[in-house]
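Trainee: Could you take me through one part of this structure slowly? I'd like to see how a single helix sits among its neighbours.

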Amino acid sequence: MILPIYIYGQPVLRKVAEDIPEDFPGLNDLIKDMFETLTESDGVGLAAPQIGKAIRLAVIDLDVLSDDFPEYKDFRKAYINPHIVEYDDSETEAMEEGCLSLPAIHEKVVRPTRIRVSYLDEDMQPHDEWVDGYLARVMQHEFDHLDGKMFIDRISSLRKQLIR
């Protein structure tokens with residue numbers, strides 16, 4: 001089922017999301033619906049607050065980039081209760097980002113190129129790993145949503161004023 005995407009200004013986008021209990025009802029269906037919504041929206045990532053749910057859940061689909069980045073072939077993952085544990089600030093990169101909750105707005109955002117994340121997969125198995133490259137950027141963008149932040153919070157105040 002395609003879910004409505006909440007647009008900038010909706011209070012749920014500024015809430016800190018809550019961890020999901022292991023017995024969360026309908027979690028697998030919600031993940032499936034989020035992937036369908038993401039595919040329909042031509043995005044690479046979607047966080048639960050963007051569909052009106054203040055829970056720590058994000059889906060990422062990088063398979064759409066696999067023609068240019070073969071390492072992302074068949075990459076479709078759900079992240080349950082994800083947290084960024086550590087940032088490796090030794091190398092950062094500025095790259096243009098967009099967001100399904102801010103249609104038609106794209107800005108350069110500086111982010112670390114490597115992060116350490118912890119999360120549960122769809123089988124509720126724990127993971128703690130270092131991630132780098134484009135996946136690290138997408139994770140930072142989506143996991144920001146779970147902390148009530150959006151990419152425009154990471155740009156200059158002048159650019160923010162122009163967007164408003």
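Mentor: Let's look closely at helix α2 and then at the sheet and rings around it.

A bit of housekeeping: this is a predicted model, in which local features need pLDDT of at least 70 and side-chain atom pairs count only at pLDDT 80 or more, while totals for chains, interfaces and linings use all residues. Residues are numbered from 1 along each chain as its sequence is written, and side-chain values use heavy atoms, with hydrogens and water left out.

Helices and strands here are DSSP runs (H or I, at least four residues, for helices; E, at least two, for strands), numbered from the N terminus. Helix α2 covers residues 133–146. Its 14 residues span 21 Å from first C-alpha to last, close to the 20 Å expected at 1.5 Å a residue; that expected span is 1.5 Å times one less than the number of residues. Just after α2, Gly-148 has a positive phi of about 75 degrees.

So how enclosed is α2? Of its 14 residues, 12 are buried, so the rest of the structure largely encloses α2. Buried means under 20% relative accessible area, exposed means over 50%, and partly exposed is in between (1.4 Å probe, protein chains only). Among the buried residues of α2 are Leu-135, Arg-137, Glu-142 and Phe-143.

What do they pack against? The buried residues of α2 touch β1 (45–47), β2 (57–61), β3, β4 (102–120) and β5 (126–132), where contact means heavy atoms within 4.5 Å. The helix lies across these strands, running at about 115 degrees to β3. For such angles, axes are lines fitted to C-alpha atoms (for helices, over the stretch in contact), and values run from 0 to 180 degrees between N-to-C directions.

Now for the sheet itself. It's an open one with 5 strands, in the order β1-β2-β3-β4-β5, and the pairing is antiparallel; two strands pair if DSSP finds at least two bridges between them. At the edges sit β1 and β5, each pairing on one side only. Neighbouring strands are turned by 50 degrees against each other on average, direction ignored. Helix α1 (residues 27–41) packs on this sheet too, touching β1, β2 and β3, and its direction makes about 45 degrees with that of β2.

Strand β3 is worth a pause. It is joined to β4 by 13 bridges, and a hairpin connects the two through 2 residues. Cys-99 stands opposite Leu-102 in β4, and Thr-92 is opposite Pro-112. With β2, β3 pairs over 5 bridges, including the one between Ile-60 and Lys-77.

Finally, the rings. The whole structure has 4 aromatic pairs; rings of Phe, Tyr and Trp (its six-membered ring) pair if their centres lie within 6.5 Å, with planes under 30 degrees apart counted as stacked, over 60 as edge-to-face and the rest as tilted. Phe-69 and Tyr-72 make a tilted pair, 6.2 Å centre to centre with 55 degrees between the planes. Another pair, Tyr-79 and Phe-143, is edge-to-face, at 5.8 Å and 70 degrees. This second pair brings us back to our helix: Tyr-79 is in strand β3 (residues 76–99) and Phe-143 is in α2, 64 residues apart, and the pair links distant parts of the chain. Both Tyr-79 and Phe-143 are buried.
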